[in-house]
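The following exercises concern the surface, the fold and the symmetry of one structure. Please work through each task before reading its solution.

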There are 2 protein chains.
Amino acid sequence: MVALPTGFTSFVTNIGIKDSSDDFTLVAADDVVSAAGVFTQSRFAGPSVMVSRKHLVDRRARAVVVISKNANVATGDQGMRNALEVVKGVAARLGCDPHDVLIASTGVIGRQYPIDRVRAGLSALPFPLPDHDAAAVARGIMTTDTVPKIAEATVAGGSARVVGVAKGVGMIEPNMATLITLVFTDALVDGTTLDAVWRRVIDRTFNCVSVDTDTSTSDTAIVLASGAAGSVDEGALEVALEDVARSLTKQVARDGEGAEKLIEVCVDSARDAEQAKTVAKAIVNSPLVKTAVHGADPNWGRVAMAVGKCSKYDDIDQERVVIRFGDQEVYPVAVDEAGLARLSSYMRGTDVRIHVSLNTGSTACTVWGCDLTDGYVRINADYTT
Amino acid sequence: MVALPTGFTSFVTNIGIKDSSDDFTLVAADDVVSAAGVFTQSRFAGPSVMVSRKHLVDRRARAVVVISKNANVATGDQGMRNALEVVKGVAARLGCDPHDVLIASTGVIGRQYPIDRVRAGLSALPFPLPDHDAAAVARGIMTTDTVPKIAEATVAGGSARVVGVAKGVGMIEPNMATLITLVFTDALVDGTTLDAVWRRVIDRTFNCVSVDTDTSTSDTAIVLASGAAGSVDEGALEVALEDVARSLTKQVARDGEGAEKLIEVCVDSARDAEQAKTVAKAIVNSPLVKTAVHGADPNWGRVAMAVGKCSKYDDIDQERVVIRFGDQEVYPVAVDEAGLARLSSYMRGTDVRIHVSLNTGSTACTVWGCDLTDGYVRINADYTT
């Protein structure tokens, strides 16, 4: 069992949102603590995102509640009233201001919560919260995930720990956040510092993953710091947070809907970070690259195609680009039949790394994704029915 | 049989590029005529695109040769020498300047032509060209297409005709052109006018189709005007060209790799054309929308998601957006179970039309795409192997 860091307790249960699996997750700090959050940029952001964004303006929070299997998005005024009712119900049980409660929700879009069942769940909340099992929290926030995502790290130079959970398998190309990730630490850090560190970490991790180019309406990445382990070095905290976030990011990519393989794309020798990330995303998002990886088809020309479609960069010159799979160069070197066989063999592994040197500068970026399978199509062709 | 317009002849044969199907297509005008072309913006554009772009600077051409089943892309200096050898071979047989011969090629990337077989094919070219069957031309340029794409129209006010062919089922999100489309007319029009009209038509048709968001390295859209039918009204010519190009565009979308349904997305009441097209493309390209259409899953929330991910437009307000499938409004109106059943029934058709009103202005755009199926995955997981 991975315990939550000192200063946090939890409660995970089923309140009947969709089926009998856990769908209500509450994690609370012992008191109001430093907090930071990054949220979806979607123009269809749901009430949960709106409420949490507002509640985090002061960089402080007491608790976060997650309802899974229903996104409460595109639900109008009724959806907002329901979100506020959940927040107020949790606050009343914890004895705190509703403004110190954060909320997140994912699942089907365009349906109201079964609010009678939600009310019954709120009225049955225990206090104090009985648990501190992070794995139960990771399971409680799952929707169509096949495995829970959890990661932990210690902050160098002391006893402070960082424990994170994440969920999400589809509708994943986060823009400034991810589906839902919750990270807890007992490090002592003020809210403003935590916010700055968290945004840098998210930009290098969750903002570099894509399962299917679709950006969720519910992306939420929250970190709470209880302070119970005392003060830490800011750089050491950032390293620990990034370790946890990167692990969760790769777990999300590997568990992408229908995914059988993790694809890691590194673009280096780029003009700047924006060029490196744009080209890397073009590769990892290409359905033709994703299907080739799925079938271990040594069709490396599709990577050339994906680089080529970044046509806004007129400094990208096909005569200077180098493409590698793993350690094997495939372009511009001529690949013979034996080379194609070796490439296909490499692509049959569960981890495929594509490495492109643009030779337009000296900046690098790594992004993660997954293969595109008939499983993805099957899962999504009948999600609500 | 659809005949080519007056003033054109053709020859289609197999020269052994990949298998025994037709892979060499030549269409020639009786003399040098007005011509215009639009090509891929890819940074990995192949030698065929480079040569044709250069040969069209004077807006005149005698013939176009298409080699299918091999893209001749990412093939370096040898690839360029091979493309020039094809152009020179054709010019020698027609008795014209090589500069008046255009070339296009699609198929696998990163492989050299089997140049000995290409040379044998060139040396066996008949002259004059024996045919004028546009359907044979449409078949000759196919790669993995399941049906040939052909369309014709007459130019109002006279006898001039427009006949076009196209190919392409995957790696299709043209940027300023499409895979390969060849359009022939016997209208009399100067090259400069033809070029301007052609660019406007392409922007409203082929630049509005997407099968899989992947932009080909070989996109080529060429029009040749023999002049044999005499002068025409420029507006009437544009209408006829657009009729042909739109028909071909929808044929390409409907025959997308693995596709079972045509998706048409109309976004109206947008701020400007760029916003309308960006939102429409976000919807038609969303793998979650495409899979929902495939499964007739009435999960309209995914359209809201796709609109929402166009987060750069802060004037898009979820409280003013209206979403319809066919004639049925699904948002913001509340859809009950009967409404979802009606929506699912509509989505079981072969043509699904999604209509979004942004209410940020008064501009509209229509784009076309197809559903995402396990067939797409199967086709592309083992294309070269």
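**Exercise 1.** State how much area chain A exposes and what share of it carbon and sulfur atoms supply.

*Solution.* Chain A exposes about 13000 Å². Carbon and sulfur atoms supply 49% of that area. Accessible areas follow the Shrake-Rupley method with a 1.4 Å probe, and for residues only the protein chains shown count as cover.

The model is predicted: local features need pLDDT of at least 70, side-chain atom pairs count only at pLDDT 80 or more, and totals for chains, interfaces and linings use all residues. Side-chain values use heavy atoms, without hydrogens and water, residues are numbered from 1 along each chain as its sequence is written, and chains are lettered from A and ligands numbered from 1 in the order in which they are written.

**Exercise 2.** Determine what percentage of the residues in chain A is buried, and how far its C-alpha trace spans.

*Solution.* Buried residues (under 20% relative accessible area, 1.4 Å probe, protein chains only) make up 62% of the 385 residues in chain A. Along the principal axes, the C-alpha trace of chain A spans about 70 × 50 × 40 Å.

**Exercise 3.** Describe how chain B is related to chain A.

*Solution.* A turn of 180° and a shift of 0.0 Å along the axis lay chain B on chain A with an RMSD of 0.0 Å; the superposition is by least squares on C-alpha atoms of residues with pLDDT of at least 70 in both copies. The two copies are thus related as by a two-fold rotation axis. Of the residues of chain B, Asp374(B) comes closest to this axis, at 2.3 Å (C-alpha). Finally, 97% of the interface residues of chain B are also interface residues in chain A, so the copies meet through the same surface.

Definitions and conventions
Buried means under 20% relative accessible area, exposed over 50%, partly exposed in between (1.4 Å probe, protein chains only). Contact means heavy atoms within 4.5 Å.
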